[in-house]
Structures are given as structure tokens and as C-alpha cells.
Amino acid sequence: MAPCAWRAHPSRRPGCSSSTCAGFFRLGDVRADTVVAYGTATAEPSGAWAPEIARALPNGTAQAWEGYDHFGCFADLDRVVASLNGFFLNGA
């Protein structure tokens, strides 16, 4: 199993409660290629967590969406389609 950054000190993560972090302990078990897309213009903790989550996944890739908030995927469907096409058709 790949090392998971979340195992070290999950209680030190901003906004992290035991119920919030429970699933993060098993990120190293996920073997599927995964893109963790996130908006950079957000006050939500997800913007800070996303790159770390991608690093904890054995085949994870972080994809920063500059200028988008937490719900950027609902604001720019063309960008979502391009991201999905890149992932499924090009492996990126």
C-alpha cells in the first residue's frame, strides 16, 4: 500500500473532524487512475486538501482550475468536458 499523508496527523488538517477524515485513511488503497480537480478561488478547505489527496492516491493527479471556486464544475461545462476527454481519451 502506498503511504498516505492523511495517516500521519489527520486531526491537524484544517476543518478535519473524525467523520470527515475517516475515508482519507484508505486513499492509498485506491488503484484507479484518478483526477482530483479543484478550484483555486475558494475559501473552502477543499482547495487546500485537493493536492494532498491527489498525492495520497497511488495514481492520483491534481488538476487546479484557476479562478474557479469549489463548484467550478457547475460553472464551466465546456471545461469539464475537456477535462474528461483528456482523462479518458489521452490518459491525462
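This is a short exchange on aromatic pairs, a charge over a ring and a nonpolar core in a predicted model.

Trainee: How many aromatic pairs are there?

Mentor: The count is two. Tryptophan 65 with tyrosine 68 is one of them.

Trainee: What makes tryptophan 65 and tyrosine 68 an aromatic pair, and what is its geometry?

Mentor: Their centres lie 5.6 Å apart, and the cut-off is within 6.5 Å. The planes meet at 75 degrees. Over 60 counts as edge-to-face, so this pair is edge-to-face.

Trainee: Are tryptophan 65 and tyrosine 68 buried or exposed?

Mentor: Both tryptophan 65 and tyrosine 68 are buried.

Trainee: Why is the pair of phenylalanine 87 and phenylalanine 88 called edge-to-face?

Mentor: The ring centres are 5.0 Å apart and the planes stand at 80 degrees. That angle is over 60, so the term is edge-to-face.

Trainee: Why is phenylalanine 87 called partly exposed?

Mentor: Its relative accessible area is 22%. Buried needs under 20%, and exposed needs over 50%. Phenylalanine 87 falls in between, so it is partly exposed.

Trainee: And why does phenylalanine 88 count as exposed?

Mentor: Phenylalanine 88 has 62% relative accessibility. The cut-off is over 50%, so it counts as exposed.

Trainee: What lies over the face of tryptophan 65?

Mentor: Arginine 79 does, at 4.4 Å from the ring centre. The distance limit is within 6 Å.

Trainee: Which element gives the most to the largest nonpolar core?

Mentor: H2 does, with five residues. The core has 10 residues in all, among them Phe24, Tyr38 and Trp49. Strand E1 (34-39) and helix H2 (46-56) each supply at least two.

Note on methods:
Residues numbered from 1 in each chain as written. Predicted model: local features only at pLDDT ≥ 70, side-chain atom pairs only at ≥ 80, totals over all residues. Heavy atoms only, no water. Phe/Tyr/Trp six-rings, centres within 6.5 Å; stacked < 30°, edge-to-face > 60°. Buried < 20%, exposed > 50% of the residue type's maximum accessible area, 1.4 Å probe, protein only. Lys NZ or Arg CZ within 6 Å of the ring centre and 35° of its normal. Core = buried A, V, L, I, M, F, W, Y, C linked by side-chain atoms within 4.5 Å. Helix = DSSP H or I, 4+ residues; strand = E, 2+ residues; numbered from the N terminus.
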